[in-house]
Amino acid sequence: MDKFLAFTLKSNGILNMLKTETLVLSNVRDSEKPFEPKLWRGLWDTGASKSSITKRIVDDLSLIPVGNTNISTANGIVTVNTYFVDFGLPNGVTVKNVLVSCADLGDDIDVLIGMDIIKHGDFSITNTNNRTTFSFRTPSIQEIDYVKESKKYKTE
């Protein structure tokens with residue numbers, strides 16, 4: 001079997017959001033301003049094609065914009081700055097040079113982890129016995145197919 005890194009988040013109930021701590025770093029920043037690396041509140045979102053960070057992170061890391069892009073929000077389409085960052089995931093994997101936009105994610109979320117990150121591995125959610133288990137591994141090592149699995153149980 002190939003080597004992989006993974007993490008699992010387990011809850012005592014059914015979760016309606018998947019949140020993990022996420023390290024955010026960048027070399028495209030004002031290096032004259034000191035900062036202390038810290039963990040930020042990340043939300044995993046399979047409906048987001050690209051990841052985003054908040055202005056809190058931009059300010060804390062003294063990030064320098066590399067461009068801008070249009071994003072869709074509840075209030076319509078807005079133009080926002082983009083930045084290159086590195087994401088440190090709970091499984092110890094660092095995804096480098098991710099182009100992110102700066103977005104208003106509210107007060108409880110600092111990082112929106114989108115499909116640009118999720119595509120690097122296997123992502124699964126189960127809700128057995130009224131408990132959510134979210135697991136992620138990278139790199140992907142095998143296909144998960146519940147239909148194939150259900151056929152196996154029908155023959156036993």
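In which strand is Thr132 found? Thr132 lies in strand 10 of this predicted model. Residue numbers start from 1 along each chain as its sequence is written. In this predicted model, local features need pLDDT of at least 70, side-chain atom pairs count only at pLDDT 80 or more, and totals for chains, interfaces and linings use all residues, while side-chain values use heavy atoms, with hydrogens and water left out.

**View A. Surroundings of Thr132.** Thr132 is buried (under 20% relative accessible area, 1.4 Å probe, protein chains only), with a relative accessibility of 2%. Its side chain reaches the backbone nitrogen of Leu15 at 2.8 Å. Contacts (heavy atoms within 4.5 Å) of Thr132, leaving aside residues up to four places away in sequence, include Leu9, Ile14, Leu18 and Ile125.

**View B. The open sheet 1-10-9.** Three strands (DSSP runs of E, at least two residues) form this open sheet with antiparallel pairing (at least two DSSP bridges between two strands). Strand 1 (5–10) and strand 9 (122–128) are the edges; each has a single partner strand, so one side of each lacks a neighbour in the sheet. From one strand to the next, the twist averages 15° (between lines fitted to C-alpha atoms, on a scale from 0 to 180 degrees between N-to-C directions).

**View C. Pairing of strands 9 and 10.** Strand 9 and strand 10 (residues 131–138) run antiparallel and are joined by seven bridges. Thr128 stands opposite Arg131 of strand 10.

**View D. The hairpin of strands 5 and 6.** Two residues make the hairpin connection from strand 5 to strand 6. Seven bridges link the antiparallel strands 5 (residues 67–73) and 6 (residues 76–88), and Ile71 stands opposite Val78 in strand 6.

Key: Helix = DSSP H or I, 4+ residues; strand = E, 2+ residues; numbered from the N terminus. Buried < 20%, exposed > 50% of the residue type's maximum accessible area, 1.4 Å probe, protein only. Polar contact = N/O pair within 3.5 Å; in protein donor to acceptor, adjacent residues only side chain to side chain.
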